[in-house]
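Q: Please take a close look at one part of this model, beginning with a single residue, and then carry the description on to the metal site and the sheet.

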Amino acid sequence: MNRDYEVALKAAREGAKIVKSYNNGDLKISYKGVNDLVTDADKATEKAIRNVINENFPEDAFMGEESAENLQVPSGRVWIVDPIDGTTNFAYGFPVYCVSVALWIDRQPEAGVVIEINLNEEFSAYRGGGAWLNGKRINVSSLEKPEAALVGTGFPYRDYNLMDHYMNLMRNLLDKVQGLRRPGAAAFDLCCVAAGRFQGYYEYGLSPWDVAAAGLIIQEAGGVISNWRGGEDWISGDQIVAGNGAIHRFLMSEIAAFIPEA
Ligand code: 2AM
Ligand code: CA
């Protein structure tokens, strides 16, 4: 195990401890923008994760949801952190939310850890090292037929420009796939693709910290992640599609058919 991966695990575990220590009933919620809430737990968790990284790699750049000033992932070494992915779930006591910690080097993912707090599930990967869930190897699903696919997604919450197209796409997919799910924490949803629970996933309007760790975990589990045009530049999280090879291809073509701007 390399040191980058060890520090990613340590930082994420430290973060998970802080999230667990909060009692949902006592949360102080404030709003960063429309629909965009943040709690004291998000800030405290980000600080704890940042401390672990600073102790180990003081020179590295840090990009965390609660402190980032811009959305561009720089070259060089950068830690991309979402202290709580699924903050709305967390704030309402709905049980799917996680800590996400990733290391990117020169705009390539090197290590990623996602810990879902309620299930105590630790998903992790480092480049070339496979994908793991609580110490066991995971792989994407081998189900290739759309009608057998369970597909994760998210609902638009801030950018409503694509709303009509997105809803038409959803209506069409409901007819073609086994089922759609919207857990509300993108990092966890992507890990469900890596673990073979979901055969595919698509969403738009995400940010780098939502996808930075889980994207690598999918790749190391044998899956595919891209932007809606199939390009490798998926780190912005802006238009994201993932799956095993067959369902990724299927979702790409459905998105192209229903979302002209894609
Ligand atoms: P967050 O909890 O870290 O903000 C839900 O589909 C995904 O979108 C989550 O990963 C969530 O990450 C992200 N998201 C960002 N802003 C959101 C918001 N205002 N409401 C719901 N989800 C949001
Ligand atoms: Ca968050």
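A: T39 is placed in strand 2, residues 36-39, strands being DSSP runs (E) of at least two residues, numbered from the N terminus. The model is predicted, so local features need pLDDT of at least 70 and side-chain atom pairs 80 or more, while totals for chains, interfaces and linings use all residues. Residues are numbered from 1 along each chain as written, chains are lettered from A and ligands numbered from 1 in written order, and side-chain values use heavy atoms, without hydrogens and water.

T39 is buried, with a relative accessible area of 1% (buried: under 20%, 1.4 Å probe, protein chains only). Apart from neighbours within four places in sequence, T39 is in contact with L27, K28, I29, T87, F90 and A91 (contact: heavy atoms within 4.5 Å).

At the calcium ion (ligand 2), the protein donors are E65 (OE), D82 (OD), D82 (OD) and I84 (O), lying 2.1 to 3.1 Å from the ion (donors: N, O and S atoms within 2.8 Å of the metal, or 3.2 Å for Na, K and Ca; water is not among the atoms, so sites may look incomplete). These donor residues follow the spacing E-x16-D-x1-I, and the pair E65 and I84 links distant parts of the chain, 19 residues apart, with E65 in the loop between strand 3 (61-64) and strand 4 (77-85) and I84 in strand 4. I84 is also buried, with a relative accessible area of 1%.

Strands 3 and 4 belong to an open sheet of seven strands, ordered 3-4-5-6-7-8-9 with mixed pairing (strands pair if DSSP finds at least two bridges between them). Strand 3 and strand 9 (136-137) stand at its edges with a single partner strand each, so one side of each has no neighbour in the sheet. Strand 9 runs antiparallel to strand 8 (131-133), joined to it by two bridges, and K136 in strand 9 is the bridge partner of L133.

Methods. Helices (H or I, at least four residues) and strands (E, at least two) are DSSP runs, numbered from the N terminus. Buried means under 20% relative accessible area, exposed over 50%, partly exposed in between (1.4 Å probe, protein chains only).
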